[in-house]
Number of protein chains: 2
Amino acid sequence: MIVTLAGGVGAARFLEGLIHVVPQERITIIGNVGDDTEFYGLHVSPDLDIVAYTLAGLVDTAKGWGFRSDSFHCQKMLETYGYRTWFNLGDRDLATHLFRTEQLRRGKKLSGVTANIISRLGLDVTLLPSTDDPLQTHVSTATRLMHFQDYMVRYQTKPKVNRVIFKGAQSAKPAPRVLQSLMKADGIIICPSNPIVSIGAILAVKRIRSALKKTEARIVGVSPIVGGKTIKGPADKLMKSLGTEPSAVGVAELYRDFIDTLIIDKVDQKLAPQIRSLGMKTIVSQTLMRTMSDKVHLARVALSEIKS
Amino acid sequence: MIVTLAGGVGAARFLEGLIHVVPQERITIIGNVGDDTEFYGLHVSPDLDIVAYTLAGLVDTAKGWGFRSDSFHCQKMLETYGYRTWFNLGDRDLATHLFRTEQLRRGKKLSGVTANIISRLGLDVTLLPSTDDPLQTHVSTATRLMHFQDYMVRYQTKPKVNRVIFKGAQSAKPAPRVLQSLMKADGIIICPSNPIVSIGAILAVKRIRSALKKTEARIVGVSPIVGGKTIKGPADKLMKSLGTEPSAVGVAELYRDFIDTLIIDKVDQKLAPQIRSLGMKTIVSQTLMRTMSDKVHLARVALSEIKS
């Protein structure tokens, strides 16, 4: 079993390559729930859905989230009822949130509902939320504390972040099968996701981080920072404002307590010695994923490291 | 203040005429909630919405319910998640149910949410649900007891009904302002709605029926049965199977304890003496509402009876 830790768009693109190389039944994805929140009374799990929609071939590839060719008629009407609709939820997308919310209200756990969604979308991967307990990523700015979605979507990552808080992380327990899959994995891949808020929110569940330290499986990560910049999202900005160097070296520092190998982009080749000096193997490869063959290539590089 | 008792499509069409003749601020509508139920975890109030959408000029006039030109993308996707989607909810329509459901979950009463919806849709009428308490119309058939929506929409009124049960009616209290508006009305109109399940579910709230008997306001009804048949819906069928004559006479019998005047259609002129003998005034008029001028005419006939 190949186990991956995944955030949103970057992870989903990497995983698209992985399912071309490894049978879906052999892939377990531990997904980020720190971005989860409620809109219009519905439980929305942005990162889990990005992964599911992408692997099911349903995602809006231009945006990286939501359904391809979705309409926004419900959302437009919600404005009439006074809702602020800065978080875009398409009409087809709403079906997922309605289903999830109803199941949760009936007492199902997020892990169970997620498995059901994956299966209904025709997928055979295992997608596990990091935890079934409430865990929300908040960021602290000069003026206030806000949910990550407010920072990310509503305020377009403009406020300067002083601190990231994973609300609930202290008491959050890993979802069923998470620890077991990490301990028994043939290999673990940290997808190219935001190391602070996406992978960071997964690692904030303490028993997950300690399992990564304990497991005998080899752990390989893909740096989401290329040439000092992030491909998508605010990873570079957040690293900088939190005092971590916004580079592959910074990523290596964040993961150094559990990672065996870090894959960095060709443009960062000069950083390889410095990363090696942190005690991990470093592989230089093309990590930008423009085409499916880029994705498959990167998956193969990561896999070769696990199997070696 | 003109107070009306209203079900769904027939009432909404009548009320369209009424708001052309009487300022909206002078109209109070007491609406049926017996048809309310949950779909996909959302609280749906079909009759309240039909009235609101119709008066706001938003209704799909061909169907009589839902939004004009609505799309059904969410519903189609809900099938993927295993939902049976026999009750059609359009994407724009969903916004109303999301708003209502979220407000109810926050502890608001249905009457408060309904007032908010009416105002958000730009209307000045007062729409009151008959009760804020749970009251559900169920029908008993040879094989089982089912919610009215199952009978009406899912099974297309095919099963023979032995009995109609208003679940919760025993303890349901009239919503705020309902009794007061009936007692202080300048006149009361029973819209041409199903006397068994639409008006019947309102009358099932006991203090409403007794207020109708006590009020000094004149009460005029419009028979929804024309030539022994209903214009829309299963009123004739239900009356027959429950032992009431499916005719304007049957309607008169159902309302005879509180009504002053019944307006019947021209085609039923021959029934007028029989209805008069039940102790109420009877007016013969055109009651079919094909055009706006038909609706306005019928509203004027009803109003003249109240003011006389």
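The legends below describe close-up views of a predicted model with chains A and B.

**View 1. Overall arrangement of the two chains in the predicted model.**
The model carries an ipTM of 0.93 and a pTM of 0.95. For chain A the mean pLDDT is 96, with 100% of its residues at 70 or more. A turn of 180° with a shift of 0.0 Å along the axis lays chain A on chain B, and the RMSD is 0.0 Å. The two copies are thus related as by a two-fold rotation axis. Within chain A, the residue that comes closest to this axis is Asp91(A), whose C-alpha lies at 3.1 Å.

**View 2. The contact between chain A and chain B.**
Chain A gives 20 residues to the contact, and chain B gives 20 residues. On the side of chain A that touches chain B, the elements giving two or more residues are α3 (73-80) and α4 (91-105) of chain A. The largest share, 9 residues, comes from α4(A). By residue class, this side of chain A consists of 9 nonpolar, 6 polar and 5 charged residues. Because 100% of the interface residues of chain A are also interface residues in chain B, the copies meet through the same surface.

**View 3. Strand β1 of chain A and its two partner strands.**
Strand β1 of chain A spans residues 2-6, and 5 of its 5 residues are buried, so the strand is largely enclosed by the rest of the structure. Burial applies to both faces of β1(A): Ile2(A), Thr4(A) and Ala6(A) lie on one side, and Val3(A) and Leu5(A) lie on the other. Strand β2 (residues 27-31) of chain A runs parallel to β1(A) and is joined to it by 5 bridges. Within this pairing, Thr4(A) has Ile29(A) of β2(A) as its bridge partner. Strand β9 (residues 187-190) of chain A also runs parallel to β1(A), with 4 bridges between them. Here Val3(A) stands opposite Ile188(A) of β9(A). Strands of a sheet pair through backbone hydrogen bonds, either parallel or antiparallel.

**View 4. The open three-stranded sheet of chain B.**
This open sheet has 3 strands in the order β7-β6-β8 (chain B), and the pairing is antiparallel. Strands β7 (145-147) and β8 (161-167) of chain B are at the edges; each has a single partner strand, so one side of each is left without a neighbour in the sheet. From one strand to the next, the twist averages 30°. Strand β6 (residues 136-141) of chain B is joined to β8(B) by 6 bridges, and the two run antiparallel. Across this pairing, Ser140(B) stands opposite Arg163(B) of β8(B).

**View 5. Helix α2 in chain A and in chain B.**
In chain A, helix α2 covers residues 46-55, and 10 of its 10 residues are buried, so this helix is largely enclosed by the rest of the structure. Its buried residues include Pro46(A), Asp47(A), Asp49(A) and Tyr53(A). Gly57(A), just after α2(A), adopts a positive phi of about 75°. In chain B, 10 of the 10 residues of α2(B) are buried, so that helix too is largely enclosed by the rest of the structure. Among them are Leu48(B), Ile50(B), Val51(B) and Leu55(B). Just after α2(B), Gly57(B) has a positive phi of about 75°.

**View 6. Surroundings of Ser45(B).**
Ser45(B) occupies the loop between β4 (42-44) and α2 (46-55) of chain B. The residue counts as buried because 23 C-beta neighbours lie inside 10 Å, where 20 or more are required. Residues up to four places away in sequence aside, Ser45(B) touches Val33(B), Asp36(B) and Arg100(B). Gly31(B) is 14 residues from Ser45(B) along the chain, and their C-alpha atoms are separated by 9.7 Å.

**View 7. Surroundings of Val178(B).**
Val178(B) belongs to helix α7 (residues 178-184) of chain B. With 24 other C-beta atoms within 10 Å, Val178(B) is buried. Not counting residues up to four places away in sequence, Val178(B) touches Ile30(B), Leu128(B), Ser130(B) and Ile208(B). The C-alpha atoms of Val178(B) and Ala211(B) are separated by 9.4 Å, and the two residues are 33 residues apart along the chain.

Key. Residues numbered from 1 in each chain as written. Chains lettered and ligands numbered in written order. Predicted model: local features only at pLDDT ≥ 70, side-chain atom pairs only at ≥ 80, totals over all residues. Least-squares fit on C-alpha atoms with pLDDT ≥ 70 in both. Contact = placed C-beta atoms within 7 Å. Nonpolar A, V, L, I, M, F, W, Y, C, P; charged D, E, K, R; others polar. Pairing = 2+ DSSP bridges. Axes fitted to C-alpha atoms, helices over the stretch in contact; angles between N-to-C directions. Buried ≥ 20, exposed ≤ 12 C-beta atoms within 10 Å, placed from the backbone. pLDDT = per-residue confidence, 0-100.
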